[in-house]
Amino acid sequence: MNLAPAAVKKEGTGYDLPIALGILAAAGILKSALLEETAIAGELSLDGSVRPVPGVLPMALAARQEGVRRFLVSAANAAEAAIVQGLEIYGIERLAQAVEFLAGVTTLTPISIDPADLFARHDQYAVDFADVKGQEYAKRAMEIAASGGHNLLLCGVPGTGKTMMARRLPTIFPDLTLEEAIETTKIFSTAGMLPATTPLLVTRPFRSPHHTVSDAGLIGGGQMPRPGEVSLAHNGVLFLDELPEFKKHVLEVLRQPLEDGTVTIARAATSLNFPARFMLVAAMNPCPCGFLGDRVRPCTCSPLQVQRYRSRLSGPLLDRIDMHIDVPAVQVKELMGQPVGESSAAIRARVNQARMRQQRRFAGASRIYCNAQMSAKDVKKYCRLDAASAELLNQSITRLGLSARAYHRILKIALTIADLAGAESPVVSHVAEAVQYRRMQYDL
């Protein structure tokens, strides 16, 4: 057996079935011309049954790229591998079945999956924005964030619905494309976290790690690097509840993925890149006890305690979060008097329209899918302000003491607001609203 290249460390049990078939072929027991154009992956039990292995979807994509015609996998992995078109997928239950098929003794029917059927059956969420009463300002901010892919920080006293709204954010995201669904599924498959009954993830992921997570758990790592929470949230939402409770060094490692959309994990023997294009949504209380500024319950924290609590968040990290939203408390009277909120479907329709405008705008640009991903050069090219809007923005930057990064992020938000309004470029009202979404950072 030759596991070339020898310098690359091998891991996993997916080699069991191909090694067994290779030994049988080398010994002359299995004589088959099909092995030349066949890829094989699967774990073998002592009784000869073939068990599923993680990472089958990326294997199938690589096999098709190499010109392989057929792929033998465990029957439990067959539906996942069949997502890849142009490759014959055969589900194998036992070693003897694989031998008989390759020898031509028996025939097997290739597994076929229509991705359109999966989108039609599973593109549903268990929660809806109609459940959220009140908080119109925060819901407006979330609609803008979903339209432009902007990062979001929610600050308010306990019980204002921050977590409730964050969990419903994926329901108003633009619909997943097949390419995005395959990218997301590849990550979950590699991590061994793809549900057995779900060959393709057709809803956007929502990841909410506990504040005790390590930097390796958040970014990824290990002896053989595995994707972390930021990669599992690719094309979806990474929600960090109680943001100041996370270890400071853990939060600081978010800087690279927030800027680049990828995570690079370097080891002595290898270096791996994992995709991490996600929307960061964070929630926090205004103080350690949580009731600073509450109209009913008094705050018991001293100014020094409040300062220490907020100093856990560095300025560079806050500067990378596009929108900072103050979420006020909702009183019982308001909850009982409010009608049912707008549904996620209605909001998502507007978000889809805004994203379609962005797709047309960036049709000639590479690797730009939404306004939040524009560079400073792209902002200068696509976001042109009239004289009144430019003057308002300059005054706001001066009065609030905003950084150059914040300046560009305000322009991106203003362009997203213009997209929602159906305008070609931002006007004064769009810039004024965008500035309001940056003010809370400088009140902290």
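Which element gives the most to the lining of the largest pocket? Helix α8 does, with five residues. The structure is a predicted model, and this report goes through its overall make-up, its two largest pockets, and a few of its helices, strands and single residues.

## Overall make-up

The protein chain holds 20 helices and 14 strands. Its C-alpha trace spans about 80 × 45 × 45 Å along the principal axes. Of the 444 residues in the chain, 46% are buried.

Contacts can also be sorted by how far apart the two residues are in sequence. Among those in the protein chain between residues at least 6 apart, 72% join residues at least 24 apart.

## The largest pocket

Rolling a probe the size of a water molecule over the atoms shows where empty space is left. The largest pocket encloses about 1,900 Å³ of space. Its lining is made up of 50 residues, and those nearest its centre are Lys-9, Glu-11, Tyr-15, Met-59 and Met-224. Two or more lining residues come from each of the helices α1 (16-26), α2 (56-65) and α8 (178-190), and from each of the strands β1 (38-40), β9 (226-227) and β12 (271-275).

By class, 30 residues of this lining are nonpolar, twelve are polar and eight are charged.

## The second largest pocket

For the second largest pocket the volume is about 860 Å³. Here 39 residues form the lining, with Leu-258, Glu-259, Arg-277, Ala-372 and Gln-373 nearest the centre. The elements that each give two or more residues to it are α8, α12 (255-260), α17 (376-382) and α19 (404-421). The largest share, five residues, belongs to α19.

The lining of the second largest pocket divides into 15 nonpolar, eleven polar and 13 charged residues. Helix α8 appears in the lists for both pockets: it gives five residues to the lining of the largest and at least two to that of the second largest.

## Helix α4

Helix α4 covers residues 95-103, and its buried residues are Ala-98, Phe-101 and Leu-102. Seen down the helix axis, these buried residues fall within an arc of 95°, so they line one face of α4. Among the elements that cover them are α1, β1, β4 (70-74) and β5 (88-92).

Just after α4 comes Gly-104, which takes a positive phi of about 85°.

## Strands and their partners

Strands of a sheet pair through backbone hydrogen bonds, either parallel or antiparallel. One open sheet in this model has five strands in the order β7-β10-β13-β6-β14, with parallel pairing. At its edges stand β7 (206-207) and β14 (323-326); each has a single partner strand, so one side of each is left without a neighbour in the sheet. The partner of β7 is β10 (residues 237-240), and the two pair in the parallel sense over two bridges. In this pairing Arg-207 stands opposite Leu-238 of β10.

Strands β11 and β12 give an antiparallel case, paired over five bridges. Strand β11 (residues 262-266) has a covered face made of Val-263 and Ile-265, while Thr-262, Thr-264 and Ala-266 make up its uncovered face. Ile-265, on the covered face, stands opposite Leu-272 in β12. Strand β12 is also one of the elements that line the largest pocket.

## Two single residues

Arg-69 lies in the loop between α2 and β4. Its relative accessibility is 43%, so Arg-69 counts as partly exposed. Leaving aside neighbours within four places in sequence, Arg-69 is in contact with Glu-37, Leu-87 and Glu-88. The C-alpha atoms of Arg-69 and Ile-89 are separated by 9.0 Å, and the two residues are 20 apart along the chain.

Is His-430, in helix α20 (residues 428-436), buried or exposed? With 9% relative accessibility, His-430 counts as buried. Not counting residues up to four places away in sequence, His-430 touches Ala-414, Ile-417, Ala-418, Ala-421, Ala-423 and Ser-425.

Definitions and conventions: Residues numbered from 1 in each chain as written. Predicted model: local features only at pLDDT ≥ 70, side-chain atom pairs only at ≥ 80, totals over all residues. Heavy atoms only, no water. 1 Å grid on protein atoms, 1.4 Å probe; cavity = no way out; pocket = protein on both sides within 12 Å on 5 of 7 lines; lining within 4 Å. Points joined across faces, edges and corners; volume = space filled by probe spheres on them. Helix = DSSP H or I, 4+ residues; strand = E, 2+ residues; numbered from the N terminus. Nonpolar A, V, L, I, M, F, W, Y, C, P; charged D, E, K, R; others polar. Buried < 20%, exposed > 50% of the residue type's maximum accessible area, 1.4 Å probe, protein only. Arc of directions from axis to C-beta. Contact = heavy atoms within 4.5 Å. Pairing = 2+ DSSP bridges.
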